Amino acid sequence: MKKILFFATAALALGACTSEEYTGDETLRQANENGPAISFNSGSNAITRASITGAEAAALLNKNFVVEGIKTVGTDKVEVFDNYNVNYTENTADKTASNTANWEYVAQTIIDNELEAANRRTAVSEQSIKYWDFAASQYDFWAYSLGGGNATVSSLAHDAALGNSAYTITGDKTALSKVYVSNLVTAYNPTVTGQPELGNEVNLTFRSLVSKVRVGLYETIPGYSIKGVQFYPSSANDAVATTTATLYASEGVFAPASGSSTYTVTFPKTGSSNVTDPDYNKAHVSYTTTETKDATVTFGTLSYGAKHKYEKTSGDIWLRINSAQPTWAVESGASAGDYSIVLPNESGAVLTLKVDYTLESTDGTGETITVHGATALVPSQFTQWKPNYAYTYLFKISDNGNGYTNPSVTDKEGLYPITLDAIVESSTDGTQETITTLATPTITTYSITSDVTTNNEYKTTDEIYVTASTNGTLEDMSGKATLYTVTKDGVTSFTEAEVLDALTAYSSETSGTYTGRNDITLTPVSGGLDLTKTEIPLVDGNKITGLTAGQVALIDNTKLSAGTYAFVYETTEGTGTPEVKFQAVKPASGTDVTSYYTDNNGTTQATGTADGNTTYYAKYTTTTNTYAIKVIKVVAGS
């Protein structure tokens, strides 16, 4: 008995049919005599976790896609669908053998005049019905849709090596933003576990060609609110800061937002030997342009909001205070949290955020401090923008890092860093989230399972990866990285500046446990870091590879409990002798003072308890070591 092929929507209907029901429909009768017809179904992923199907998917595709299909017979690659147009019409499923899900390719032409020049077939003058050939070892299908735009597309070519199969799409940003490209679909004979078979359902899944990116800022500086953030378009000395949120590279790397670019679509991982590879049959894009490449990408202006820890009477001008509710940069007419459409750049680049901002004291004095040129760098490993991914970059302004309160004295950095949270979320192809500090060097923390816009850092169940980079280049942290718990009686929140002070000005140190002069205790987590890893897992099973041992640290989540941790990378070991100093204190009445001195040179140890009025002297040690620090808040959860 011949095996009849229909797709998922048609398979159930066929079970109730008899051959007599084909009478009167020439196409169906022909299919019944000749064997299984090939028909198409499609879904569209528009940067969303849930696949979009049916009429909704058809609308995104402007009810049209163009498909190439080949079969492999022996060593020959035989063309079956040569740039066929496939059109969507409601309520037409199962009326012909070639249409089981309202998508028809037999005798079809372009359905939208504006697409005709771009979509026209180059080799076939008439589209006819196609049947499965069970002598073939496999079939391969791939497709694109212009989505109603006016981009131009070369023919969907094929050759003996599917990984080199490629086509090009050319257009400006507006045209390219409407384009969808499908992953490769391969049906095997004989069967390959978990893969489509000849004669079974075949579904083309389309992905948006473009990426989406959004930028947000928030602050955690105690005693100050932040306003007046200005962004720089480059690192040049004559660059003028504006209110437009901008990320920039050291040279032109982005496809131009205005002007034409050509994207080449390829499938690097194909064939039965690659079916377990996360990148199997995935469409990748690379671009060329005759225009000047852009060095910057912009995201509109900050949507300042009134929701703030301090009440202000002067209006909605203050940065928000946590990653769950940041101040977003938004395009004109967009809402806070919306993404900006960007053209993909899978090769990645080191991206820089450079800003000025103004601190205003919250004590009512109105005192202000302006910080100039605070800079954060996002390593290129986390800026590889792929089609149909959405990326969120959150920048945290805290109280330890770079930037200058006097821009003419650039050898004295201020204590006001930006730390960077770079997050990928709401993506069809997975979720990737990183948090990067703006210390020098930069520290990036990342977990494949984290959602920091919800948790405001990480969970106890997350495996957290950490890198340190200078100017975007990863450092070797071997023997220089330590994970500490951070504790102080009655305190649950800590800043990078406080941890730095506890490390470099400590009252005691025993077996690597530091008690700072600020009474913060840093206790090393034994076995908490694994520095042998040479890759970082990314979304959808992909990985950052090519790393060497020491360039990435994995925090062992079995060592974590809810609380605050500090990842500390010792950037330099001071060569000078640690200096002992004394500071005047008045301990509370009843405090044991035996750890203090009655003089400021440590000659006489104090005894007894404090009366609350007497001045004593606390001894502490300072070092000339330098550190890059990332404070990590860990919450219970799974």
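**Figure 1. A salt bridge between Lys269 and Asp277.** At 25% relative accessibility, Asp277 counts as partly exposed in this predicted model. Its partner in a salt bridge is Lys269, and the closest N and O atoms of the two are 4.0 Å apart. Lys269 is likewise partly exposed, because its relative accessibility is 32% and that class runs between the buried limit of 20% and the exposed limit of 50%. This pair belongs to a structure that holds eight salt bridges.

**Figure 2. A salt bridge between Glu496 and Lys396.** Here the side chains of Glu496 and Lys396 meet, with 4.0 Å from N to O. Glu496 lies in helix H7 (residues 496-504) and Lys396 in strand E22 (residues 390-397), so this salt bridge ties together parts that are 100 residues apart in sequence. Are the two residues buried or exposed? Glu496 is buried, at 3% relative accessibility. Lys396 is buried too, with a relative accessible area of 8%.

**Figure 3. A salt bridge between Glu535 and Lys543.** In this view, the side chains of Glu535 and Lys543 form a salt bridge with an N to O distance of 3.0 Å. Glu535 has a relative accessible area of 30% and is therefore partly exposed. Lys543, with a relative accessible area of 46%, also counts as partly exposed.

**Figure 4. The hairpin of strands E20 and E21.** Strand E20 (residues 351-361) and strand E21 pair in the antiparallel sense, and nine bridges link them. To find your way along the pairing, start at Thr352, whose bridge partner in E21 is Leu377. How many residues lie between the two strands of this hairpin? There are six, and Gly364 in the turn has a positive phi of about 95 degrees. Strand E21 (residues 368-378) is mostly covered, as eight of its 11 residues are buried.

**Figure 5. The largest nonpolar core.** This core has 37 residues. Those with the most contacts inside the core are Leu217, Val229, Leu247, Phe299, Tyr357, Trp385 and Tyr393. Which elements give two or more residues to the core? They are strands E12 (211-219), E13 (224-231), E14 (244-248) and E17 (296-302), together with E20, E21 and E22. The hairpin strands of the previous view, E20 and E21, thus appear again here. Apart from this core lies another, of 28 residues, which includes Ile38, Ala97, Trp103 and Val185. As background, nonpolar side chains in soluble globular proteins tend to be buried together.

**Figure 6. Leu247 and its contacts.** A good place to look into the largest core is Leu247, one of the residues with the most contacts inside it. Beyond four places in sequence, Leu247 touches Val215, Ala295, Thr296, Val297, Phe299, Leu351, Thr352, Leu353, Tyr393 and Phe395. Among these contacts, Thr352 is the residue whose bridge partner in E21 is Leu377.

**Figure 7. A four-stranded open sheet.** Follow the strands in the order E7-E8-E15-E16, with antiparallel pairing. Where are the edges of this sheet? They are strand E7 (152-153) and strand E16 (284-288), each of which pairs on one side only. Strand E8 (residues 167-171) and strand E15 (residues 261-266) run antiparallel and are joined by five bridges. One residue to look for is Thr170, whose bridge partner in E15 is Thr262.

**Figure 8. Leu60 and its surroundings.** Leu60 is found in helix H3 (residues 54-60). At 29% relative accessibility, this leucine counts as partly exposed. Leaving aside residues within four places in sequence, Leu60 is in contact with Ser44, Ala46, Ile52, Gly147 and Tyr180. From Leu60 to Leu146, the C-alpha to C-alpha distance is 9.4 Å, although 86 residues separate them in sequence.

**Figure 9. The whole chain and two regions of low pLDDT.** The close-ups come from a chain with seven helices and 40 strands. Of its 638 residues, 51% count as buried. Among contacts between residues at least 6 apart in sequence, 68% join residues at least 24 apart. The chain averages a pLDDT of 81, and 81% of the residues score at least 70. For residues 1-34, pLDDT stays under 50, and the model has 59 contacts beyond four places in sequence for them. Residues 111-123 also stay under 50, with 34 such contacts.

Technical notes: Residues numbered from 1 in each chain as written. Predicted model: local features only at pLDDT ≥ 70, side-chain atom pairs only at ≥ 80, totals over all residues. Heavy atoms only, no water. Buried < 20%, exposed > 50% of the residue type's maximum accessible area, 1.4 Å probe, protein only. Pairing = 2+ DSSP bridges. Contact = heavy atoms within 4.5 Å. Core = buried A, V, L, I, M, F, W, Y, C linked by side-chain atoms within 4.5 Å. pLDDT = per-residue confidence, 0-100.
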